[in-house]
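User: I would like a close look at a single residue in this model and at the parts around it. Please take one position, explain how it is placed, and then work outwards through the strands and side-chain pairs.

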Amino acid sequence: MQRCAAAVLLVCLFLIGCGGKDYDVVPVSGTVTLDGQPLAEATVMFLPVEGKTVNPGPPSVAVTAADGTYRLKTSDDDPGAVAGKHMVRIFTRRTEQADAGSDNPNVREIAPERLPERYNRNSELTFEVPAEGTDAADFQLTSK
């Protein structure tokens, strides 16, 4: 009986220790331009790549406004991004699910990708989110 109680206690302590967040989410916003012009309706995605634990935290995403500005939110719906290093992907391609009742329930493209792959599929972009957050997570992209 004592062994069973000890096992239950260990499992509870493990679950309590694993339940909390081991990362800080801080406010992150910025501007995206393409060839010097604001890039509207681009999806900006921050993917944490380093952390203190095995789980560096959730990704963050935003869509740019007409003036190219964006404000990130995590996949947990917290405003901002995890502090630390991120791989950044920016893309403009838009898709939608075809009508489920149709003969062809596939995803269809409604806006093609306008950015080079070095910004999305094979992203070369990184950003270090400071512990206090930032409003200067700016990206000046070029189409060439």
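Analyst: Thr43 has a relative accessibility of 9%, and because the limit for a buried residue is under 20%, Thr43 counts as buried. The model is a predicted one, and what follows should be read in that light. Thr43 belongs to strand β4, and its side chain is joined to the side chain of Arg94 by a polar contact of 2.9 Å. Leaving aside residues up to four places away in sequence, Thr43 touches Val61, Ala62 and Val63, and also Arg89, Ile90, Phe91 and Arg94. Arg94 thus appears both as the polar partner of the Thr43 side chain and among the residues that Thr43 touches.

The strand that holds Thr43 is part of an open sheet of 5 strands, whose order is β7-β5-β4-β9-β12 and whose pairing is antiparallel. Strands β7 (73-74) and β12 stand at the edges with a single partner strand each, so one side of each has no neighbour in the sheet. In that order β4 stands between β5 and β9. Strand β9, residues 84-91, is joined to β12 by 5 bridges, and these two strands run antiparallel. Within this part of the sheet, His86 stands opposite Phe127 in β12.

Phe127 leads on to the aromatic side chains, for which a search of the whole structure finds 3 pairs. One of them is formed by Phe46 and Phe127, with 5.9 Å from centre to centre and 55 degrees between the planes, which makes the pair tilted. Phe46 lies in strand β4 (residues 43-48) and Phe127 in strand β12 (residues 125-129), so the pair ties together parts that are 81 residues apart in sequence. Phe46 and Phe127 are both buried, and together with Phe139 they form one aromatic cluster.

A further set of strands is arranged around β2, residues 29-34, of which 5 of the 6 residues are buried, so β2 is largely enclosed by the rest of the structure. Strand β13, residues 139-141, runs parallel to β2 and is joined to it by 3 bridges, with Gln140 in β13 as the bridge partner of Thr33. Strand β6, residues 69-71, pairs with β2 in the antiparallel sense, also over 3 bridges, and here the bridge partner of Thr31 is Thr69. The pairing of β2 with strand β3, residues 37-38, is antiparallel as well and runs over 2 bridges, with Gln37 in β3 as the bridge partner of Leu34. Strands β2 and β3 form a hairpin with 2 residues between them, and Asp35 in the turn has a positive phi of about 55 degrees.

Charged side chains complete the picture, since a search of the whole structure finds 2 salt bridges. In one of them Lys73 pairs with Asp77, the closest N and O atoms being 3.3 Å apart, and Lys73, at 40% relative accessibility, counts as partly exposed. In the other, Arg121 pairs with Glu117, where the closest N and O atoms are 3.3 Å apart. Arg121 is exposed, with a relative accessible area of 60%, whereas Glu117, with a relative accessible area of 39%, is partly exposed.

Notes:
Residues are numbered from 1 along each chain as its sequence is written. This is a predicted model: local features need pLDDT of at least 70, side-chain atom pairs count only at pLDDT 80 or more; totals for chains, interfaces and linings use all residues. Side-chain values use heavy atoms; hydrogens and water are left out. A salt bridge is a side-chain nitrogen of Lys or Arg within 4 Å of a carboxyl oxygen of Asp or Glu. Buried means under 20% relative accessible area, exposed over 50%, partly exposed in between (1.4 Å probe, protein chains only). Rings of Phe, Tyr and Trp (its six-membered ring) pair if their centres lie within 6.5 Å; planes under 30 degrees apart count as stacked, over 60 as edge-to-face and the rest as tilted. Helices (H or I, at least four residues) and strands (E, at least two) are DSSP runs, numbered from the N terminus. A polar contact is a pair of N or O atoms within 3.5 Å; within protein, one must be able to donate a hydrogen and the other to accept it, and residues adjacent in sequence count only if both atoms are side-chain atoms. Contact means heavy atoms within 4.5 Å. Two strands pair if DSSP finds at least two bridges between them.
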